[in-house]
Amino acid sequence: MTTSRRHYHITTFGCQMNKADSERMAGILEDMGFEWSEDPNQADVILYNTCTIRDNAEQKVYSYLGRQAKRKHEQPDLTLIVAGCVAQQEGEALLRRVPELDLVMGPQHANRLQDLLQQVFDGNQVVATEPIHIIEDITKPRRDSKVTAWVNVIYGCNERCTYCVVPNVRGVEQSRTPEAIRAEMEELGRQGYKEVTLLGQNIDAYGRDLPGVTPEGRHQHTLTDLLYYVHDVPGVERIRFATSHPRYFTERLIRACAELPKVCEHFHIPFQSGDNEVLKRMARGYTHEKYRRIIKTIREYMPDAAISADAIVGFPTETEEQFENTLKLVEDIGFDQLNTAAYSPRPGTPAAVWENQLSEEVKSDRLQRLNHLVATIAAERSQRYMGRLEEVLVEDQNPKDKTQVMGRTRTNRLTFFTGDINELKGKLVKVRISEVRAFSLTGEPVEVREVVSV
Ligand code: SAH
Ligand code: SF4
Ligand code: F3S
């Protein structure tokens, strides 16, 4: 079979984990001779990499799929794939719902795309959702950016937060070896990437499943050890990591972040609720006092650190008073950014079948009030940048103003300034901040830092 000049299209929903998986799957498809098509209607292989964290994320996929399923009746050799978390959650049920599908594959099977597609081309309809040991990907991902890159360090999640589908759809924790992670980062450094974000749903759990304990009885491989191990990779100038769980965020990790110059002063540590009773029912395993202590320690070591988080409003039985404890925490901490969501009952999770679910009206009212507070506080937090000199890693052109480029500060604030993207892409530029908004900044370039690549 000739695969040259055949086209593929991928639409990705959901979190950074899914985006990283999509980049690897795109790499596999290109390795097989397929070419990227921006327009799904011109593609011979269409892959939806799906998310099911909330009901609206899941529903979006069905409307996209409906359109392509129709197209398949006119173009029978069109290959339709659903990958990711909806695929894992629904499995064969998806085939009953959309019989036109050729392949349903869970997130653990992303690296097996070539094998699975071969089975499809041999005439089979394939469902790959059984739990497996994730194999190292030997093909090169097709990365969207040439400046920043994601590197998986741990797959899956062993927590059991009572609202969350992730453990069901992503499976148990599987850490990659420090050697494999470092090798991937070295390759990125050679290719000119300047920033790496280490990824895991619960990244602080890194290494718990790897063999080896220290004489003091702790795991030999922890996120902290990993940061020290990869820190000197040539070419990589910035290192970030996400997502952190408050339960495992140690002072040792905070000290490492303060000590290691490439690790950026931005921490994404979801708290979900500011009320201890709600936290308990969510099975999060910490109190709001513990959360506050972590942030306090971070700020003792790195006074200017940016803190972002996720929060859920309207968890079953949440009272007005308990919700106000979330508002209070948000106000006290002073978040630089917060992802907020109204609680959405998810299939197969304990909280979905509890009594005392709150009405949509109450949830959306609380969400609005929280969002309003977040915007006010983020705007206040932005004030501190006014007049300051910030280092910005240039990623792209400003899509709304072609005379400007955009990038991020070490603290992850989006920053715009006048400049030519052809000259500045991938450069670290000192920028004098002259305008501040809640979630972005504008400034004047002062100096381009010359990075000597080794
Ligand atoms: N592992 C991360 C978050 C993963 S999911 C953590 O432990 O925090 C990303 C975010 O989606 C969560 O932080 C939570 O705020 C939100 N979320 C997860 N399940 C949800 C649900 N059922 N309803 C609403 N929001 C949810
Ligand atoms: Fe979901 Fe909790 Fe795991 Fe985060 S830690 S992915 S919220 S179960
Ligand atoms: Fe969504 Fe799956 Fe990520 S459910 S948030 S894509 S882990």
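Guide: Two residues are in contact when heavy atoms of theirs lie within 4.5 Å. This is a predicted model, where local features need pLDDT of at least 70 and side-chain atom pairs count only at pLDDT 80 or more, while totals for chains, interfaces and linings use all residues. Residues are numbered from 1 along each chain as its sequence is written, chains are lettered from A and ligands numbered from 1 in the order in which they are written, and side-chain values use heavy atoms, with hydrogens and water left out.

Visitor: Okay, which residues is Ser 273 in contact with, leaving aside its neighbours within four places in sequence?

Guide: Those would be Val 278, Leu 279, Met 282, Thr 326 and Leu 329. Ser 273 itself sits in the loop between strand 12 (266-268) and helix 10 (276-281). Helices (H or I, at least four residues) and strands (E, at least two) are DSSP runs, numbered from the N terminus.

Visitor: Why is Ser 273 called buried?

Guide: Buried means under 20% relative accessible area, exposed over 50%, and partly exposed in between, using a 1.4 Å probe and protein chains only. Ser 273 has 1% relative accessibility, so it counts as buried.

Visitor: What makes the pair Ser 273 and Asp 275 a polar contact?

Guide: A polar contact is a pair of N or O atoms within 3.5 Å; inside protein, one must be able to donate a hydrogen and the other to accept it, and residues adjacent in sequence count only if both atoms are side-chain atoms. Here a polar side-chain atom of Ser 273 is 3.0 Å from the backbone nitrogen of Asp 275, so the distance fits.

Visitor: What's unusual about the phi of Gln 272?

Guide: Most residues other than glycine have a negative phi, and most peptide bonds are trans. Gln 272 isn't a glycine, yet its phi is positive, about 70°. Asn 356 has a positive phi too, near 65°. There's also a cis peptide bond between Ala 242 and Thr 243, with omega about 0°.

Visitor: How do you know whether Gln 272 and Asn 356 are buried or exposed?

Guide: Set them against those cut-offs: Gln 272 has a relative accessible area of 8%, so it's buried. Asn 356 has 53%, so it's exposed. Asn 356 lies in the loop between strand 14 and helix 13 (360-382).

Visitor: Which residues come nearest to ligand 1?

Guide: Of the 15 around it, they are Tyr 163, Gln 201, Gln 272, Asp 310 and Ser 344. A residue is near a molecule or strand if one of its heavy atoms lies within 4 Å of it.

Visitor: What makes Asp 310 and ligand 1 a polar contact?

Guide: An N or O atom in the side chain of Asp 310 is 2.6 Å from an oxygen atom of ligand 1, so the pair is inside the limit. For Gln 201, a polar backbone atom is 2.7 Å from a nitrogen atom of the ligand. The protein covers 89% of the 540 Å² of accessible area that ligand 1 has on its own, areas being from the Shrake-Rupley method with a 1.4 Å probe (for residues, only the protein chains shown count as cover).

Visitor: How do you know the span of helix 2 is close to the expected one?

Guide: The expected span is 1.5 Å times one less than the number of residues. Helix 2 (residues 55-74) has 20 residues and reaches 31 Å from first C-alpha to last, against 28 Å expected. Its buried residues include Val 61, Tyr 62 and Leu 65, and strand 3 (45-50) is among the elements covering the buried residues.
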